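Please examine the sequence and the model shown here before reading on. The explanation then proceeds from one region to the next.

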Amino acid sequence: MEVVGLLCAVAVAVLTWGFLRVRDSAERMRSPEQAGLPGAGSRALLVIAHPDDEAMFFAPTVLGLARLGLRVFLLCFSAGNYYSQGEIRKKELLQSCDVLGIPPSRVTVIDKSEFPDDPGVQWDTESVANTLLQHIQVNGINLVVTFDAEGVSGHSNHVALYRAVRALHSEGKLPTGCSVLTLQSVSMLRKYLYLLDLPWSLLSSQDALFMLTSKEVAQAKKAMSCHQSQLVWFRRLYVHFSRYMRINSLQFL
């Protein structure tokens, strides 16, 4: 019993330390310049593959950037038509973005046959890159945010976005002053054990870390609830347990 009590005390101490570090990190993240991010009034572009990516994976980043005074735009490369629900999902995306503070005028959905919602199809890197670059230039984007090389879930459409933005970055095609942040993929254990992930996230290497307050978590969940066509049982569990509904750790290219 003494051993169990000791282990419980250690666990409580670790979690308490984690929460204190969360508070300190949140204070630091209020200054975008300290984090290497563009300043207030700059334009950030969130690049996603499907409607619901913005809420399932990037809600902490969207709300965090808005908190720092950046104007967030969204570019979605498909209508999510894998189950012939494209029109429904586009409407759900606009509703979700409204909850997250992104107005319809800043939301663009690309609904083209060359970018199908299909994990079995490899999107052409050059086509994605050209489309993305045009959107960046037209909207005067200062910061691009998208998936990393593993795409969080491993979905080929997510990975295609990373490959495209990586190509633009490595070939020097991005406008001067436009930087790129990629969302870090984590192990399955960390993905679904939010409380235990807190200390790990704080100690791990990252360039930007966004953590939501309890009020913002409720806002993120409300955004995800707009995607009613996608809320099967396992996604409902995801909303309650996934760290991506609460924490985003990102790296600059």
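The paragraphs below treat the pocket, the surface patch, the salt bridges and some individual residues in turn.

The coordinates are those of a predicted model, and residue numbers run from 1 along the chain as its sequence is written. A suitable place to begin is the largest pocket, which holds about 570 Å³ of space. Helix 2 (53–56), helix 7 and helix 10 are the elements that contribute two or more residues to the lining of this pocket. The leading contributor is helix 10, which gives the most to that lining with 3 residues. In total, 23 residues line the largest pocket, and those nearest its centre are D52, M56, H155, F234 and R235. By residue class, the lining comprises 9 nonpolar, 8 polar and 6 charged residues.

Helix 10 also leads to the surface. A nonpolar patch there is formed by M188, Y192, V232, W233, F234, L237 and F241, whose accessible area together is about 750 Å². Two helices each supply at least two residues of this patch, namely helix 7 (188–192) and helix 10 (233–241). Of the elements involved, helix 10 gives the most, with 4 residues. F234 therefore deserves attention in both settings, since F234 is a member of the nonpolar patch and is listed among the residues nearest the centre of the largest pocket. L237, another patch member, is found in helix 10. With a relative accessibility of 41%, L237 counts as partly exposed, because this value lies between the limits of 20% for buried and 50% for exposed residues.

D52, already met near the centre of the pocket, is the next point of interest. D52 lies in the loop between strand 1 (43–48) and helix 2. What backbone feature does D52 have although it is not a glycine? D52 has a positive phi, of about 105 degrees. D52 is buried, because its relative accessible area of 5% is under the 20% limit.

The side chain of D52 forms a salt bridge with R89, in which the closest N and O atoms are 3.2 Å apart. This pair links distant parts of the chain, for D52 sits in the loop between strand 1 and helix 2, R89 belongs to helix 4, and 37 residues separate them. Both D52 and R89 are buried.

A search of the whole structure finds 6 salt bridges. One of them joins K90 and E87, with an N to O distance of 3.0 Å. K90 and E87 are 3 residues apart in helix 4, so about one helical turn separates them. Another salt bridge brings together the side chains of E171 and K173, at 3.1 Å from N to O. Both partners are partly exposed: E171 has a relative accessible area of 49%, and K173 has a relative accessibility of 43%. Elsewhere, salt bridges with shared partners join D52, R89 and D117 into one network.

Two serines complete the account. S84 is found in the loop between strand 2 (71–76) and helix 4 (86–100). Its phi is positive, about 60 degrees, although S84 is not a glycine. Because its relative accessible area of 64% is over the 50% limit, S84 is exposed. S153 occupies the loop between strand 4 (143–147) and helix 6 (156–170), and a relative accessible area of 42% makes S153 partly exposed. S153 and S187 are 34 residues apart in sequence, while their C-alpha atoms are 9.9 Å apart in space.

Terms used. Predicted model: local features only at pLDDT ≥ 70, side-chain atom pairs only at ≥ 80, totals over all residues. Heavy atoms only, no water. Patch = residues over 30% accessible without salt bridge, like charges linked within 9 Å, V, L, I, M, F, W, Y side chains within 5 Å. Areas by Shrake-Rupley, 256 points an atom, 1.4 Å probe, with all protein chains shown as cover. Salt bridge = Lys/Arg side-chain N within 4 Å of Asp/Glu carboxyl O. Buried < 20%, exposed > 50% of the residue type's maximum accessible area, 1.4 Å probe, protein only. 1 Å grid on protein atoms, 1.4 Å probe; cavity = no way out; pocket = protein on both sides within 12 Å on 5 of 7 lines; lining within 4 Å. Points joined across faces, edges and corners; volume = space filled by probe spheres on them. Nonpolar A, V, L, I, M, F, W, Y, C, P; charged D, E, K, R; others polar.
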